[in-house]
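Trainee: I've got a fresh model open and some time to spare. Could you walk me through it, one piece at a time?

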Amino acid sequence: MDKRIERTQAAIEGAFLKLLNEKSIGKITVCEVTSLAGVNRSTFYAHYHDVYDLKRKIMTQVKGDLDGQLSFDGPNLTMGAFKVSTMEMIDYLNDNRERLQYLLSTDDGNRFFFDLVQDRIMQSDTISGIEADDRNEAQVTAVVYGVAGLMRDWVFNRVTLTEAELTDLVAELAYPTVSAQLEALARN
């Protein structure tokens with residue numbers, strides 16, 4: 001992609017996210033975004049249909065960036081491999097902290113983040129066929145919400161762990177559940 005286009009899109013995204021931190025998306029106008037970004041409206045419309053399309057594209061990009069994170073295959077997942085994948089995800093969160101803070105300041109941004117963490121932790125495309133009892137479902141939900149909440153609070157600097165400490169904690173919390181799910185998949 002042309003560097004000018006990348007810079008323009010980054011300016012538009014940055015302006016939008018700053019405005020999103022100040023008010024709801026329904027109250028953000030294209031005019032406000034373009035004014036803050038220092039671009040004209042036609043430039044905005046060359047890339048996005050409206051502010052909702054812009055937000056959707058930002059979320060899609062974050063999801064795409066994280067698709068390779070926390071990836072593992074088969075029932076032989078080791079704690080070490082899980083930690084490596086977790087560290088990659090936490091590195092991404094750290095590198096994109098400001099962007100994520102803006103995005104996660106909204107209810108749908110939070111829902112998106114929780115769903116994303118669930119997808120990455122549970123590899124829903126890999127283990128979705130596992131028959132789970134109510135207790136197992138509850139355990140998975142507790143782990144996912146706990147880990148996602150921990151990561152979210154870390155992004156907002158409410159949890160002051162280092163990346164390595166957060167990786168260790170997430171692995172301690174999530175690995176047993178993920179490992180059990182993968183073992184159940186192997187038995188099916």
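Trainee: Let's begin with Ile12: which helix does Ile12 lie in, and is Ile12 buried or exposed?

Mentor: Keep in mind that this is a predicted model. Ile12 sits in helix α1. Its relative accessibility comes out at 0%, and the cut-off for burial is under 20%, so Ile12 is buried.

Trainee: Which residues does Ile12 touch, not counting those up to four places away in sequence?

Mentor: One partner is Tyr48, 36 residues off in sequence, with 10.0 Å between the two C-alpha atoms. That C-alpha spacing doesn't rule out a touch, as contact is judged on heavy atoms within 4.5 Å. The full set for Ile12 is Val33, Ala37, Val39, Phe44, Tyr48 and Leu54.

Trainee: Val33 is on that list. What does Val33 contact, leaving aside neighbours within four places in sequence?

Mentor: Val33 belongs to helix α2, residues 30–37, and it counts as buried at 0% relative accessibility. Ala11 is 22 residues away along the chain, with 9.2 Å separating the C-alpha atoms of Val33 and Ala11. The contacts of Val33 are Ile12, Ala15, Phe16, Leu19, Ile28, Phe44 and Val51.

Trainee: Stepping back to α1, how far does α1 reach from its first C-alpha to its last?

Mentor: Start with what you'd expect: α1 has 20 residues, and at 1.5 Å a residue that gives 28 Å. The model's value is close to that expectation. From first C-alpha to last, α1 reaches 29 Å.

Trainee: And which helices do the buried residues of α1 pack against?

Mentor: First pick out the buried set: Thr8, Gln9, Ile12, Glu13, Ala15, Phe16, Leu17, Leu19 and Leu20. You've already met a piece of this packing, since Ile12 of α1 touches Val33, a residue of α2. Taken together, the buried residues of α1 pack against α2, α3 (41–47), α4 and α6 (97–103).

Trainee: Now α3. Which residues does Arg41 touch, not counting those up to four places away in sequence?

Mentor: Arg41 is in helix α3 and counts as partly exposed at 41% relative accessibility. Its C-alpha is 7.1 Å from that of Val30, eleven residues away along the chain. Arg41 touches Val30, Cys31 and Thr34.

Trainee: On to α4: is Tyr52 buried, exposed or partly exposed, and what does Tyr52 contact beyond four places in sequence?

Mentor: Tyr52 is found in helix α4, and its relative accessible area is 47%, so Tyr52 is partly exposed. Ile25 is 27 residues away in sequence, yet the C-alpha atoms of Tyr52 and Ile25 are 7.5 Å apart. Leaving aside neighbours within four places, the contacts of Tyr52 are Ile25 and Gly26.

Trainee: What about open space: which residues are closest to the centre of the second largest pocket?

Mentor: That pocket holds about 170 Å³ of space. Both α1 (3–22) and α4 (51–66) supply at least two residues of its lining, which by class has five nonpolar, three polar and three charged residues. Of the eleven lining residues, those closest to the centre are Gln9, Ala10, Glu13, Tyr48 and Gln61.

Trainee: Further along the chain, what does Thr167 contact, leaving aside neighbours within four places in sequence?

Mentor: Thr167 has its place in helix α10. At 3% relative accessibility, it falls under the 20% cut-off, so Thr167 is buried. Its contacts are Lys83, Thr86, Met87 and Ile90.

Trainee: Where is Asn157 found, and what is the phi of Asn157?

Mentor: Asn157 is in the loop between α9 (134–155) and α10 (163–187), and it is partly exposed, with a relative accessible area of 49%. Most residues other than glycine have a negative phi. Asn157 has a positive one, near 65 degrees.

Trainee: Last one, on the whole protein: how many helices does the protein have, and what share of its contacts between residues at least 6 apart join residues at least 24 apart?

Mentor: The protein has ten helices and zero strands. Of its 188 residues, 44% count as buried, and it exposes about 9,800 Å², with carbon and sulfur atoms supplying 49% of that. Among contacts between residues at least 6 apart in sequence, the share joining residues at least 24 apart is 70%.

Methods. Residues are numbered from 1 along each chain as its sequence is written. This is a predicted model: local features need pLDDT of at least 70, side-chain atom pairs count only at pLDDT 80 or more; totals for chains, interfaces and linings use all residues. Side-chain values use heavy atoms; hydrogens and water are left out. On a 1 Å grid over the protein atoms alone, a cavity is a set of points where a 1.4 Å probe fits but cannot get out, and a pocket is an open set with protein on both sides within 12 Å along at least five of seven lines; lining residues have an atom within 4 Å of a point. Grid points are joined across faces, edges and corners, and a volume is the space filled by probe spheres set on the points. Helices (H or I, at least four residues) and strands (E, at least two) are DSSP runs, numbered from the N terminus. Ala, Val, Leu, Ile, Met, Phe, Trp, Tyr, Cys and Pro count as nonpolar, Asp, Glu, Lys and Arg as charged, and the others, Gly among them, as polar. Buried means under 20% relative accessible area, exposed over 50%, partly exposed in between (1.4 Å probe, protein chains only). Accessible areas come from the Shrake-Rupley method with a 1.4 Å probe; for residues, only the protein chains shown count as cover. The expected span of a helix is 1.5 Å times one less than its number of residues.
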